[in-house]
Amino acid sequence: MIEKFQNLELWFVTGAQLLYGGETVKIVDGHSQEMVAGLNQTGIIPIKVVYKGTSNSSAEVEAVMKAANNDEKCVGIITWMHTFSPAKMWIKGLQALKKPLLHFHTQYNAELPWDSIDMDFMNLNQSAHGDIEFGHICTRMRIPRKVVVGYWKSEEAQRQIAVWARVAAAVADAHDVRCLMFGMNMNNVAVTDGDRVEFEQRLGYHVDYYPVSSLMDYFKKVTDEEADALVEEYKAQYTIKIDESGEEVYWQKVKNAAKAEIALRRVLKDEGATAFTTNFDDLGDADINDPNFVGFDQIPGLASQRLMAEGYGFGAEGDWKTACLYRSLWVMNQGLEKGCSFLEDYTLNFSSEGTSSLQSHMLEVTPLIAVNKPTLEVHFLGIGIRKQQTARLVFTSKTGAGCKATVVDLGNRFRLITSDVECIEPKPMPNLPVASALWIPQPSFEIGAAAWILAGGTHHSAFSYDITAEYWSDFAEMTGIEFIGINKDTTIDGFKQQLRNNEVYYMLNKALK
């Protein structure tokens, strides 16, 4: 069991009724227990599925839904109608339910027993009937849910449930996320700002400003011995590369970077925060030459890279929306192979071999996506309040298909945008010592980039090789925000029409409320 998910549960509730007698319900119960055990045994679904019995009346449905709401371990409900379950008895329970819902349209038996099928078999195995009845009431009540159709032993059906399960865990986690802003949004940038009250109301994330002066109080208390011990960890984990800074400057800057990491880590722990943003114009005292100077002597990029790898959400330049989104991405990505990171669209490569976009940031890209062991380097960084020699991990990303995601505030709603991309191998960049990825948006650079811009996408994104648009679509469904995806089938004309249709939908929806 994946550590992040080991204390979580998915509740499996079977719909039935007492019309056919108690013996029939016992058979239904036995089938359900066998199915739940089978779902758990495959190892495909990363969260334990727990059978919560049959619901045979309105009171029983309402009771199990309310119990799910009040159980912190439960991150979602899976429903399946074994027999015909009259949907009016689900109304009060669905009204009460606050957890994500998955409707599993399946059947206990795979094939019909053609030679022996009779009315008793028909009355018992009525998923074709019961699930359609249940689906109607969910649609009538405008209940958001995921519908998975397929035989319960099918790997594809279980894969779809696993996607939903990971997203449900991330949505549950989002309601416990506290994001600290060390400094505020920078330089009048619009796309990284937004309505933090609506953001918490809709998605659950709580975002607070945290004074850099208070962070410096932690920084002052970090000892040389603590920093030296962390530097030894760096030596064990990364390739040491001393370049133009020289050995003395190199080790001093690395040690100072370690102190910054220790301070940040302690603040986040003490404040119960799992996400943060930085502002490279607000790093403590302004004058580094003042003998009483108290502040970071460099942007805490190395700390950000390492903290992201451990699951802390991060957004550069005060980008609290991306910081929170990355945290959720990291939760969804647990136990998967290729990794995830915060990234920024940096510069373009118009080439006869194919146009691509170089993704990086000044420093803050996590080594979870590195193709090889990162090198720990110190180089001059001429931006922000600290134009100083600065420690950072340098690497290039893995190649292969991936998906970037962002969330933007459009004033009347939040929009979650994804773009499928293909990461390719870059040419050597000896004079650009940063972590980076090079990708081509799908279906082509021209269409993918234009669609992203038309949708109002950001220059920051939460990127993963493992978490596809399917996950983000489920995430948007669970949180009640708009979703729009860019992929191999996207055309500009079709995409523009989708944006127009969505705009009309949300304007009318607001007017009707």
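Student: How many cavities of 30 Å³ or more does the structure hold?

Tutor: The general idea is that rolling a probe the size of a water molecule over the atoms shows where empty space is left. In this structure, which is a predicted model, there are 2 cavities of 30 Å³ or more. The largest cavity holds about 50 Å³ of space, and the second largest has a volume of about 30 Å³.

Student: Which residues line the largest cavity, and how do they divide into nonpolar, polar and charged?

Tutor: The lining is made up of Phe182, Val212, Leu215, Met216, Leu264, Thr278, Asn279, Asp282, Leu283, Phe296 and Pro300, and these divide into 8 nonpolar, 2 polar and 1 charged. Helix α8, which covers residues 212-221, gives the most to this lining, with 3 residues.

Student: Which residues line the second largest cavity?

Tutor: Around the second largest cavity you will find Ala257, Ala260, Gln298, Ile299, Pro300, Gly301, Leu302 and Ala391. The elements that contribute two or more residues to this lining are α10 (247-271) and α11, and by class the lining has 6 nonpolar, 2 polar and no charged residues. Pro300 is listed in the lining of the largest cavity and also in that of the second largest.

Student: Is helix α11 mostly covered or mostly open?

Tutor: Helix α11, residues 301-309, is mostly covered, with 8 of its 9 residues buried. The buried residues are Gly301, Leu302, Ala303, Ser304, Gln305, Arg306, Leu307 and Met308, so that polar and charged names appear in the list beside nonpolar ones. Just after the helix, Gly311 takes a positive phi of about 110°.

Student: Which residues have the most contacts inside the largest nonpolar core?

Tutor: As a general matter, in soluble globular proteins nonpolar side chains tend to be buried together. Here the largest nonpolar core has 117 residues, and those with the most contacts inside it are Phe12, Trp472 and Phe475. Helix α6, residues 155-174, gives the most to this core, with 12 residues. Apart from this core lies another, of 20 residues, among them Ala87, Met89, Cys138 and Ile143.

Student: What does Phe475 touch, leaving aside residues up to four places away in sequence?

Tutor: With those sequence neighbours not counted, Phe475 touches Val167, Val171, Leu203, Tyr205, Leu325, Ser328, Met332 and Leu416.

Student: Which residues other than glycine take a positive phi, and where are they found?

Tutor: Two cases can be read side by side, including Arg142, whose phi is about 60° although it is not a glycine, and Glu317, whose phi is near 60°. Arg142 is found in the loop between α5 (127-140) and β5 (146-149), while Glu317 has its place in the loop between β10 (313-315) and α12 (320-332).

Student: Why is Arg142 called exposed, and why is Glu317 called buried?

Tutor: Arg142 counts as exposed because its relative accessible area is 67%, and the cut-off for exposed is over 50%. Glu317 counts as buried because its relative accessible area is 15%, and the cut-off for buried is under 20%.

Student: Where is Asp120 found, and is this residue buried or exposed?

Tutor: Asp120 is found in helix α4, residues 119-124, and counts as exposed because its relative accessibility is 60%. The C-alpha atoms of Asp120 and Thr24 are separated by 9.6 Å, although these residues are 96 residues apart along the chain.

Student: Is the peptide bond from Gln442 to Pro443 cis or trans?

Tutor: That bond, from Gln442 to Pro443, is cis, with omega near 5°, and Pro443 is found in the loop between β17 (437-441) and α13 (445-454).

Technical notes:
Residues are numbered from 1 along each chain as its sequence is written. This is a predicted model: local features need pLDDT of at least 70, side-chain atom pairs count only at pLDDT 80 or more; totals for chains, interfaces and linings use all residues. Side-chain values use heavy atoms; hydrogens and water are left out. Buried means under 20% relative accessible area, exposed over 50%, partly exposed in between (1.4 Å probe, protein chains only). Helices (H or I, at least four residues) and strands (E, at least two) are DSSP runs, numbered from the N terminus. A nonpolar core is a set of buried Ala, Val, Leu, Ile, Met, Phe, Trp, Tyr and Cys residues joined through side-chain atoms within 4.5 Å. Contact means heavy atoms within 4.5 Å. On a 1 Å grid over the protein atoms alone, a cavity is a set of points where a 1.4 Å probe fits but cannot get out, and a pocket is an open set with protein on both sides within 12 Å along at least five of seven lines; lining residues have an atom within 4 Å of a point. Grid points are joined across faces, edges and corners, and a volume is the space filled by probe spheres set on the points.
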